[in-house]
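Thank you all for coming; I would like to walk you through a structure that is new to most of the group. Please have a look at the screen before I begin to describe anything.

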Amino acid sequence: MTFCRWLGAATLLALGVLAFTPLTDLLQPEPPPPPRPADAIVVLGSYMGVDGMLSAASLQRAVQGIQLYRRGLAPLLVMAGARLGPLAEAEVRAQLARDLGIPAEALLTDAGGRTTRDEAWRMWRLLEPRGARHVLLVTSGEHMLRARQQFEREGFTVTPSPVGSVRPQSIRPEDRLGQARRWAQELAARVFYRAAAARG
Amino acid sequence: MDALFLLLPAVLTSAGAWLLGRRRGRSAGGLRIAVARLLECVGLTVVFAVLNTALGAALTLLARALSQGFVSLYMVTDSVLLGISALQAVALRWWWASVAERDP
């Protein structure tokens with residue numbers, strides 16, 4: 001029990017430091033460079049409810065992809081996002097893009113990717129035959145490093161366009177702990193991907 | 001600094017509870033033991049959370065390998081699992097305490 005007592009004390013201390021000091025501000029990813037023209041904009045999947053409602057994160061990514069297209073940064077906009085129930089996130093996002101004036105011929109969807117690695121592999125098979133090898137990649141700031149590595153491994157040249165990468169630095173303890181949690185979650189995912197890559 | 005203001009009500013209610021306890025004859029040494037047990041519960045929660053997450057991830061990967069279906073690894077990072085870990089920790093701590101009281 002002595003070990004648990006020390007572990008408990010260390011945990012409370014760590015939570016206190018994370019919640020009540022600006023330490024989590026250091027976990028914010030660097031602001032990205034301004035986006036430059038590419039062959040395609042790829043919006044990675046996030047999360048959608050079974051009722052077909054896009055999550056806030058999914059909507060944010062989709063809107064950023066649409067904005068990049070409207071700025072003329074690429075001739076193709078690819079919406080990713082898996083099927084959950086009768087609807088696929090990719091299709092719901094594509095419908096949103098059409099409603100906001102994106103021409104159907106500029107839109108592609110991929111609902112088959114379940115993981116970041118899947119999505120990178122499937123995007124290469126979708127875009128390479130169209131000659132699109134330079135992509136503007138849209139995902140969250142925390143996820144970008146891992147996503148970029150997977151896309152570059154497939155052969156893409158990647159220009160990152162992270163969503164929410166420059167979050168307002170919150171002083172709310174709950175927000176700070178949320179940031180620390182997302183960072184820890186992404187760190188674990190990177191370790192898992194590295195282990196999977198080492199195993200082949 | 002503003003965030004520290006959040007702690008003020010907790011400090012005041014803790015002080016109130018301490019005063020009430022002292023007035024009812026509870027010893028200061030008893031509070032020290034209670035804090036130690038609280039820390040043990042927090043430590044046990046961390047242990048259970050790590051074990052639950054690791055086992056959950058392993059089962060998720062196994063389910064992916066054995067079936068066509070897909071279970072997201074993000075499921076095992078759900079906050080509910082942390083709550084369950086806390087309940088496991090408290091139950092285990094009380095169980096050990098009851099054994100110690102019965103068989104000192």
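Before I speak of packing, let me say that two residues are in contact if their C-beta atoms, placed from the backbone, lie within 7 Å. Helices (H or I, at least four residues) and strands (E, at least two) are DSSP runs, numbered from the N terminus. Axes are lines fitted to C-alpha atoms, for helices over the stretch in contact, and angles run from 0 to 180 degrees between N-to-C directions.

This is a predicted model, in which local features need pLDDT of at least 70 and side-chain atom pairs count only at pLDDT 80 or more, while totals for chains, interfaces and linings use all residues. Residues are numbered from 1 along each chain as its sequence is written, and chains are lettered from A and ligands numbered from 1 in the order in which they are written.

As for confidence, pLDDT is the predictor's confidence in each residue, from 0 to 100. The mean pLDDT of chain A is 90, with 96% of its residues at 70 or more, and chain B averages 88, with 94% of the residues scoring at least 70. Among the elements of chain A, strand 1 has the highest mean pLDDT, 98, and strand 3 (residues 83–84) the lowest, 80. The model as a whole has an ipTM of 0.84 and a pTM of 0.79.

Let me turn to chain A. It contains six helices and seven strands, and along the sequence they follow the pattern α-β-α-β-β-β-α-β-α-β-α-β-α. Chain A is divided into domain 1 (40–160) and domain 2 (168–200), where the bounds come from an automatic or database domain assignment. The C-alpha centres of these two domains of chain A lie 21 Å apart.

How are the strands of the open sheet ordered? In chain A, five strands form this sheet in the order 5-2-1-6-7, with parallel pairing, and two strands count as paired if DSSP finds at least two bridges between them. Strand 5 (107–110) and strand 7 (157–160) of chain A are the edge strands, each pairing on one side only. From one strand to the next, the twist averages 25°.

On the sheet packs helix 3 (residues 89–99) of chain A, which touches strand 1 (40–43), strand 2 (77–80) and strand 5 of chain A, and its direction makes about 165° with that of strand 5. Helix 4 (residues 116–127) of chain A lies across strand 1, strand 2 and strand 5 of chain A as well, running at about 140° to strand 5.

Strand 6 (residues 134–138) of chain A pairs with strand 7 of chain A in the parallel sense over four bridges. Within that pairing, A:His134 has A:Thr157 as its bridge partner, and A:Leu137 has A:Pro160. Strand 1 of chain A is also joined to strand 6 of chain A by four bridges, the two running parallel, and here the bridge partner of A:Val43 is A:Val138.

A residue is buried if 20 or more other C-beta atoms lie within 10 Å of its own, exposed if 12 or fewer, and partly exposed in between, with C-beta atoms placed from the backbone. By that rule, 34% of the 200 residues of chain A count as buried. Why is strand 6 of chain A largely enclosed by the rest of the structure? The reason is that four of the five residues of strand 6 of chain A are buried. In helix 3 of chain A, the buried residues include A:Val92 and A:Ala94, and among what covers the buried residues of this helix is helix 2 (56–70) of chain A.

One residue worth pointing to is A:Leu44, in the loop between strand 1 and helix 2 of chain A. A:Leu44 is buried, because 27 other C-beta atoms lie within 10 Å. Leaving aside residues up to four places away in sequence, A:Leu44 touches several others, including A:Arg61, A:Glu119 and A:Ala147.

Finally, the contact between the chains takes 14 residues from chain A and 15 residues from chain B. On the side of chain A that touches chain B, helix 1 (2–20) and helix 6 (173–199) of chain A each supply at least two residues, and helix 1 of chain A gives the most, with eight residues.
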